[in-house]
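Dear colleague,

I am passing on the structure below, together with my notes on what was found in it. Please read the notes with the sequence and the model open beside you.

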Amino acid sequence: MAAGKRSNGLNRPCVLLIVIAAMERFAFKGVASNLVTYLTDVINMSNSSAAKAVNSWCGFTSIMPLLVAPFADSFLNHYSTILASSFFYVIGLVALTSTALDWAGNTTSTSSLFWCLCLVSLGQGGYNPSLQAFGAEQLGEEQDLPHTTNDQITQSKRSLFFTWWYFGVCTGSLLGVLIMAYTQDNSGWGLGFAIPTLVMIISVVLFSWGSHFYMDNQAREFAHKPFEHMLRVLKDAVSKTFNHGIAVSESEPTAHAAELELQEKPLCKLDAIDIEEPNRNLNNLVGNAKIVLQLLPIWAMLLIFAVIFQLPATFFTKQGVTMKRNIGSDFKIPPATLQSAITVSIILLMPLYDKLLVPLTKAITKNEKGISVTQRMGIGMFLSTVAMVIAALVEEKRQNISRKEESETMELSIFCLLPQYILLGISDIFTVVGMQEFFYGEVPVNMRTTGIALYTSVFGVGKLHERLAHLPS
């Protein structure tokens, strides 16, 4: 039986799923963050080719949920999608680890490596949006349509969930980058890929263990009969995908099925529900399409933030290369290291959002969440704009100094970039969390995976835009 909800804070299933999401991010970032080095040092690709390959793969991975989510929403539930996607995810990581172990003997081709990465992308395409939507469902506030409730306490809990979800994701990402980059550089790529694979397997086991207390009937059924349940899920998905014939009542003999498909009028009496089902499905499809179209203007507007979101890994890092990076006489700060300032600022400041900002704004707005979702996104985008203004001022100063100095590095310290990094981290607390809550709350219950996929696709398109912007003319 699902764990009872507490009056304040998150319940056990939500906390467990946030931990699982952090473990998944550890596994993915543990592979993706240093993949360029693997491609250049082991696969012997050029720096530019490796960077383009990784950027394209990350962009494709971010867009993949938008391709998988409609199928998941139509033919599977969130729990079943998580289990099916985790299979492809783990297989991809296991295969990637095997390529790292086999490459020394030159027994693996480059194409097999990218097939492994495609399996990871496919698995993550269904895993991440379904896991997040499934986690939000554990709050126990399902509605048929968006914005049909005035329960501010429920909406406040949802906002709390997405805030701490992003906190868990950032924590897992930071640990994955720091720990696995060191492991891969010092202990080899076999162990460097094996650890993320093991962490992902443990997270899947942990997810399955929690089936006893999820707020989902199929989850609890899986806990008692896992293999029988998985076979039935696959059978139902296949039958829904390929069976387009006229529905037949289970009380009628199956021998009439073929004849019914050839008759203009059925010989047996169907229930009114069976007759109305196609029309209802068609109406739902049209209604869902209208909802997605209504969200497209906001989705397109958020692409501006998505492009800014990619700049720390490109433009900001290039700024740091030419700046003074010395600490003492021997050590130089790697320019890319400052990217961790964004994640660290999120981890440190995220708890303050709920402890300080929400109570303060609640006293002013009389809203349980403090500020609305759209206000939260707007504040974040404003802060990202301020960060870009600061970046422009620093860049102007850097160029002025570079014109006067002939050396490759200048006296301007790399720490001058910290304000723009920290401001982008603060803007993420507002915008990214707001985007998750917005797209989840603006779609019907049967499209929640697609709603989360719309959020992730914003950053996928932003990454691809950044990739195309750096193509040689």
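The structure holds two salt bridges, a salt bridge being a side-chain nitrogen of Lys or Arg within 4 Å of a carboxyl oxygen of Asp or Glu. Before I describe them, please keep in mind that this is a predicted model, in which local features need pLDDT of at least 70 and side-chain atom pairs count only at pLDDT 80 or more, while totals for chains, interfaces and linings use all residues. Residues are numbered from 1 along each chain as its sequence is written, and side-chain values use heavy atoms, with hydrogens and water left out.

One salt bridge joins the side chains of Arg 25 and Glu 24, at 2.9 Å from N to O. Arg 25 is buried at 13% relative accessible area, and Glu 24 is buried as well, at 2%; here buried means under 20% relative accessible area, exposed over 50%, and partly exposed in between, with a 1.4 Å probe and protein chains only.

The other salt bridge is between the side chains of Arg 398 and Glu 395, at 2.6 Å from N to O. Both residues lie in helix H15 (residues 373–404), three residues apart, which is about one turn of the helix; helices (H or I, at least four residues) and strands (E, at least two) are DSSP runs, numbered from the N terminus. Arg 398 is buried, with a relative accessible area of 14%, and Glu 395 is buried with 11%. Once residues up to four places away in sequence are set aside, Glu 395 touches Phe 315 and Gln 319, where contact means heavy atoms within 4.5 Å.

As for the chain as a whole, its secondary structure comes to 17 helices and two strands. Buried residues make up 47% of its 473 residues, and among contacts between residues at least 6 apart in sequence, 80% join residues at least 24 apart. The chain exposes about 23,500 Å², of which carbon and sulfur atoms supply 64%; accessible areas come from the Shrake-Rupley method with a 1.4 Å probe, and for residues only the protein chains shown count as cover.

The largest nonpolar core has 104 residues, of which Tyr 38, Leu 39, Leu 131, Phe 161 and Phe 207 touch the most other members. Helix H16 (residues 418–441) gives the largest share of this core, eleven residues. A nonpolar core is here a set of buried Ala, Val, Leu, Ile, Met, Phe, Trp, Tyr and Cys residues joined through side-chain atoms within 4.5 Å.

Leaving aside neighbours within four places in sequence, Leu 39 is in contact with Asn 44, Met 45, Ala 50, Ala 53, Val 54 and Leu 113. Asn 44 has a positive phi of about 65° although it is not a glycine. This residue, Asn 44, lies in the loop between helix H2 (35–41) and helix H3 (47–75), and at 63% relative accessibility Asn 44 counts as exposed.

On the surface, Val 344, Leu 348, Leu 349, Leu 352 and Leu 356 make a nonpolar patch of about 430 Å². Patches are made of residues with over 30% relative accessible area and no salt bridge, like charges being joined within 9 Å and nonpolar side chains (Val, Leu, Ile, Met, Phe, Trp, Tyr) within 5 Å. Leu 349 has its place in helix H14 (residues 340–365) and, at 31% relative accessibility, counts as partly exposed.

With best regards
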